[in-house]
Amino acid sequence: MPAVILPPTFLPLLAAFEPCFGAPSYRNFAVLVAGWIHCLGRRTITAVVLAAGAVGSRHISVFHRFFGRARWSLDALGRVVFTLGLGWIPADQPLFVLGDDTLARKSGKGISLATMHHDPLLSTARKPFFSFGHVWVVVALWVPLPMGGTRGFALPLLFRLYVGGKRGGKTDARARPRAGKRQRAAEAAHVVHPRPTKLELAREMIAVVARWAGDRPLYVVVDSAYAARAILEGRPANVEVISRERMDAALWARPGRRRPGQKGRPRRRGRRLPNLTTMAARRGRWDPLPITIYGRQVSPLVFTCTALWYHALRDQPVRIVVVRDPSGRRRDEAFFCTDLTVGAAFILEAYARRWTLEVSFHEQKQCLGLEDPQNQTSQAVARTAPLASIVYDLVLLWYAERAQQGVAPAWAVRPWYRSKTAPSFLDMLTAVRQEAWRLDIPAPPCPPRCPHNSPTPRSHAGLAAA
């Protein structure tokens with residue numbers, strides 16, 4: 001195998017994954033990670049191997065078999081990322097686990113386990129739009145890395161492929177009127193593949209991370225689509241959930257105490273309470289709350305209450321925070337937490353951290369080609385795209401170590417970004433590439449360009465003549 005085109009400071013991070021593979025598979029893994037970092041086009045397997053400089057060292061089918069047949073577990077890689085991320089979180093602080101799903105659009109009838117899904121980016125309020133592709137349900141760990149300020153970063157840990165019921169593409173195109181062997185194999189794989197819901201997949205991954213965390217408290221931050229009974233009820237003992245609450249949710253008071261000699265089963269809920277919209281309309285006093293969310297200092301108006309949300313969680317009340325924009329430009333919103341001991345600031349700041357997972361999805365698609373692999377077997381499909389997330393984690397952790405040591409590479413100055421104070425993920429990815437290239441490519445002989453050229457007398461004379 002050729003030498004891995006990565007800086008020496010990056011190799012200890014790769015070595016942490018060595019127990020997850022056999023010796024040949026680990027060498028293939030290192031080559032694929034290096035190729036994924038250096039690849040500048042579509043990240044197909046052949047393009048990644050070409051960018052790693054491994055063409056000719058082994059047959060290309062070896063790298064395809066790494067995803068389709070080799071014996072290794074994707075959850076084991078997530079466990080290593082979880083262990084590496086814990087080093088950046090103080091031991092006396094709780095862990096924040098973020099959950100969401102993202103759509104990777106595909107084209108081609110031979111792509112296994114691809115189905116029709118609602119496309120949130122192309123859909124409007126009046127007209128929904130559906131796209132053919134893969135939906136990945138992802139659980140990530142929020143980590144306060146030093147180069148992110150107060151916003152932090154989301155490190156994807158676990159991945160599950162959600163397979164819908166409608167595959168689509170039944171009509172053959174005029175240019176290809178017959179179904180080929182690969183299309184028939186993909187349709188057969190779709191028929192026999194189990195179809196758990198997104199909530200069931202998220203619940204399974206949350207339970208795995210809860211076992212990894214041990215006795216440490218775990219706050220799961222999800223969107224309103226995952227704030228349902230499948231996630232809230234029967235969760236592990238060290239898991240609490242933070243999410244968005246519906247303003248029209250049916251809320252109930254706690255049941256009163258039983259009277260002496262009262263017959264019948266105990267009541268599970270008390271009287272019906274007004275919904276949050278009515279509470280907000282009747283509220284006369286709102287408390288300003290200075291908090292830091294999305295890297296900014298804001299002071300919204302809030303009030304809190306405790307109630308039973310019986311539709312989603314029947315056995316315990318939840319802590320609800322209603323938020324109002326003082327300027328009146330945004331509508332009122334509500335958030336809840338299953339932990340009744342935390343305050344309103346904790347709930348709002350924790351929910352704001354969920355946005356870092358959306359940022360990670362964007363960076364993986366734009367900079368690492370999460371949607372690019374075109375594998376056509378079930379096991380290869382379930383393994384290839386998540387490797388982009390593993391590479392995303394490694395680049396962040398590498399840059400964080402360099403920043404902590406005070407030797408983080410500086411990003412290119414862009415004059416049109418006047419308020420930029422932190423590096424983007426593309427700057428971090430470029431730093432890894434440049435440090436690897438410096439091993440073989442010398443520095444350019446020309447001096448750096450001057451920011452401004454001093455005017456000459458000749459130019460003044462020309463302007464005067466004009």
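Colleague: Which residue forms a salt bridge with arginine 414?

Modeller: Keep in mind that this is a predicted model. Arginine 414 sits in the loop between helix H12 (378-404) and helix H13 (425-437), and its partner is in helix H13, so the pair ties together parts that are 13 residues apart in sequence. The closest N and O atoms are 3.4 Å apart, and the partner is aspartate 427.

Colleague: Is aspartate 427 buried or exposed?

Modeller: Its partner arginine 414 counts as partly exposed at 25% relative accessibility. The cut-off for buried is under 20%. Aspartate 427 has a relative accessible area of 9%, so it is buried.

Colleague: How many salt bridges does a search of the whole structure find?

Modeller: Arginine 414 with aspartate 427 is one pair, and aspartate 248 with arginine 246 is another, with closest N and O atoms 3.0 Å apart. Aspartate 248 counts as partly exposed, at 46% relative accessibility. Over the whole structure, the number of salt bridges found is 16.

Colleague: Lysine 198 forms a salt bridge with aspartate 101, so to speak across the chain; how many residues apart are they?

Modeller: The closest N and O atoms of lysine 198 and aspartate 101 are 3.7 Å apart. Lysine 198 is in helix H7 (residues 198-213) and aspartate 101 is in strand S1 (residues 95-105), so the pair links distant parts of the chain. Both ends are partly exposed, lysine 198 at 27% and aspartate 101 at 22%. In sequence they are 97 residues apart.

Colleague: Which residues are linked with Arg160 in a network of salt bridges?

Modeller: Arginine 160 is found in strand S4. The side chain of arginine 160 has a polar contact of 3.0 Å with that of aspartate 75, and another of 3.4 Å with the side chain of glutamate 204. The residues linked with Arg160 in the network are Asp75 and Glu204.

Colleague: What is the relative accessible area of arginine 160?

Modeller: Let's look at its surroundings first. Leaving out residues up to four places away in sequence, arginine 160 touches Asp75, Val135, Trp136, Val137, Leu201, Glu204 and Met205. Arginine 160 is buried, and its relative accessible area is 14%.

Colleague: Which residue caps the N-terminal end of H5?

Modeller: Helix H5 covers residues 74-86. At its N-terminal end, a side-chain oxygen lies 3.3 Å from the backbone nitrogen of aspartate 75. The residue that supplies this oxygen is serine 73.

Colleague: How far apart are the end C-alpha atoms of helix H5?

Modeller: H5 has 13 residues, and at 1.5 Å a residue they should span 18 Å. The value from the model agrees with that: the end C-alpha atoms are apart by 19 Å.

Colleague: What do the buried residues of H5 pack against?

Modeller: The buried residues in question are Leu74, Leu77, Gly78, Val80, Val81, Phe82 and Gly85. They pack against both strands and helices, namely S1, strand S3 (130-143), strand S4 (153-162), H7 and H12.

Colleague: How many residues of strand S5 are buried?

Modeller: In a regular strand the side chains alternate between the two faces of the sheet. In S5, Leu218, Val220 and Val222 are buried on one side, while Tyr219 and Val221 are buried on the other, so both faces are covered. Strand S5 (residues 218-222) is therefore largely enclosed by the rest of the structure, and the count is 5 of 5.

Colleague: Which residue in S5 is the bridge partner of phenylalanine 96?

Modeller: S1 and S5 pair in the parallel sense, over 5 bridges. In S5, the partner of phenylalanine 96 is tyrosine 219.

Colleague: Which residue in S6 is the bridge partner of valine 220?

Modeller: S5 and strand S6 (residues 239-245) run parallel, joined by 4 bridges. In one of the pairings, leucine 218 has valine 239 as its partner in S6. For valine 220, the partner is valine 241.

Colleague: Which residue in S14 does glutamate 245 stand opposite?

Modeller: S6 is mostly covered, with 6 of its 7 residues buried. S6 and strand S14 (residues 333-337) pair in the antiparallel sense over 4 bridges. Opposite glutamate 245 in S14 is alanine 334.

Methods:
Residues numbered from 1 in each chain as written. Predicted model: local features only at pLDDT ≥ 70, side-chain atom pairs only at ≥ 80, totals over all residues. Heavy atoms only, no water. Salt bridge = Lys/Arg side-chain N within 4 Å of Asp/Glu carboxyl O. Helix = DSSP H or I, 4+ residues; strand = E, 2+ residues; numbered from the N terminus. Buried < 20%, exposed > 50% of the residue type's maximum accessible area, 1.4 Å probe, protein only. Pairing = 2+ DSSP bridges. Expected span 1.5 Å × (residues − 1). Contact = heavy atoms within 4.5 Å. Polar contact = N/O pair within 3.5 Å; in protein donor to acceptor, adjacent residues only side chain to side chain.
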